Amino acid sequence: MANKGPSYGLSREVQNKIDKKYDPELEERLVEWIMIQCDSKVCRPEPGKCGFQNWLKDGCVLSEFINSLYASNKPFKSIRSSAMAFKQMEQISLFLQAAEKYGVTKTDMFQTVDLYEGKDLAAVQRTLMALGNLAVTKNDGTYKGDPDWFHKKAQENRREFTEEQLSEGKNVIGLQMGTNKGATQAGMTGYGRPRQIINNP
């Protein structure tokens, strides 16, 4: 992979906007959660954006982390670190596939280059947040962090009504709807004819 020099002009402005979306407080929470999830299998990164990127860049921490969210059929049977760039990127890509299988939507997924080249670390944070929200919502015993760190996702709440309840509902008229009971077409004239006004003496 070729090393790219600094960007200028519009490219630099766009990159600055992306960089501003990165949240250092969220970084602390995510690091804390990943450390708890992986027990003693991973070490703490250096604080800051570069430390966060370097910690996750080879894909090993992410692989260990996603394994901890699966009760059985863990996505990674063995996790080996490699110094080769294409192996590291492949490991990140496999993590993303496992995260999608876990339930993270494509819109919440980061691209491999977002992490590996540091293009958009805020997107990496979004993906990890989505995983946290799903883990708290599933509540299957694999989540090990503080439940208040993430929001539960909205879940389907199906309701069953009896025929009697449904027929009772037909008799209820919402206040905004008004009513058409008692309305008739009496006194209306045919289409296109002028209205007849009759004076009664």
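Contact here means heavy atoms within 4.5 Å. That sense of the word applies throughout this tour of a predicted model.

**Overall view**

Begin with the whole chain in cartoon representation. The protein has eight helices and zero strands, and its pattern along the sequence reads α-α-α-α-α-α-α-α. Colouring by accessibility will show that 33% of the 201 residues count as buried. Among contacts with a separation of 6 or more, 55% join residues 24 or more positions apart.

**Stop 1: Pro45**

Select Pro45, in the loop between α2 (24–37) and α3. Is this residue buried or exposed? Its relative accessible area is 14%, and because a residue under 20% counts as buried, Pro45 belongs to that class. Now display its surroundings, leaving aside neighbours within four places in sequence: Pro45 is in contact with Val31, Gly51 and Trp55. Add Leu56, which is 11 residues away from Pro45 along the chain; the two C-alpha atoms are separated by 9.0 Å.

**Stop 2: helix α3 against helix α7**

Leu56 also leads to the next selection, since it is one of the α3 residues that meet α7. Select residues 49–56 for α3 and residues 121–138 for α7. The general description of such a pair is simple: two packed helices are characterised by the angle between their axes and the distance between the axes. In this case the axes come within 11 Å and cross at roughly 60°. That angle makes α3 oblique to α7, and the crossing of the two is left-handed.

Which side chains should be shown at this crossing? From α3, display Lys49, Phe52, Gln53 and Leu56; from α7, display Leu121, Val124, Gln125 and Leu128. Sorted by class, this contact comprises five nonpolar, two polar and one charged residues.

**Stop 3: Phe150**

Keep α7 visible and select Phe150, which is found in the loop between α7 and α8. Phe150 has a relative accessibility of 4% and therefore counts as buried. What does Phe150 touch, once residues up to four places away in sequence are set aside? The set consists of Leu30, Trp33, Leu128, Met129, Gly132, Asn133, Val136 and Tyr143. Leu128 will be familiar from the previous stop, where it is one of the α7 residues that meet α3. Next, place a distance marker between the C-alpha atoms of Phe150 and Arg29: these residues are 121 apart along the chain, and the separation is 9.9 Å.

**Stop 4: Lys144 and Asp39**

Remain with the loop between α7 and α8, and select Lys144 together with Asp39. The side chains of these two residues meet in a salt bridge, at 3.4 Å from N to O. Lys144 lies in the loop between α7 and α8 (163–170), whereas Asp39 lies in the loop between α2 and α3, so the pair ties together parts that are 105 residues apart in sequence. Both partners are partly exposed: the relative accessible area is 40% for Lys144 and 47% for Asp39.

**Stop 5: further salt bridges**

How many salt bridges are there by this rule? The count comes to five. Two others are worth selecting here.

- Lys87 and Glu90: the side chains form a salt bridge at 4.0 Å, N to O. Both residues lie in helix α5 (residues 85–102), three residues apart, or about one turn of the helix. Lys87 is partly exposed at 36%, and Glu90 is partly exposed at 40%.
- Lys106 and Glu100: the closest N and O atoms of this salt bridge are 3.2 Å apart. Lys106 counts as exposed at 61%, whereas Glu100 is partly exposed at 36%.

**Stop 6: helix α4 against helix α5**

Finish by selecting α4 (residues 60–68) alongside α5. Their axes are 9 Å apart and the packing angle is about 20°, which makes α4 roughly parallel to α5. The crossing is left-handed.

Show Cys60, Leu62, Ser63, Phe65 and Ile66 on α4; they meet Gln91, Phe95, Ala98 and Ala99 on α5. By class, the contact of α4 with α5 has seven nonpolar, two polar and no charged residues. For a closing comparison, return to the contact of α3 with α7, which has five nonpolar, two polar and one charged residues.

Notes
Residues numbered from 1 in each chain as written. Predicted model: local features only at pLDDT ≥ 70, side-chain atom pairs only at ≥ 80, totals over all residues. Heavy atoms only, no water. Axes fitted to C-alpha atoms, helices over the stretch in contact; angles between N-to-C directions. Helix = DSSP H or I, 4+ residues; strand = E, 2+ residues; numbered from the N terminus. Parallel < 35°, antiparallel > 145°, perpendicular 65-115°, else oblique. Left-handed = near helix turned anticlockwise from the far one by under 90°. Nonpolar A, V, L, I, M, F, W, Y, C, P; charged D, E, K, R; others polar. Buried < 20%, exposed > 50% of the residue type's maximum accessible area, 1.4 Å probe, protein only.
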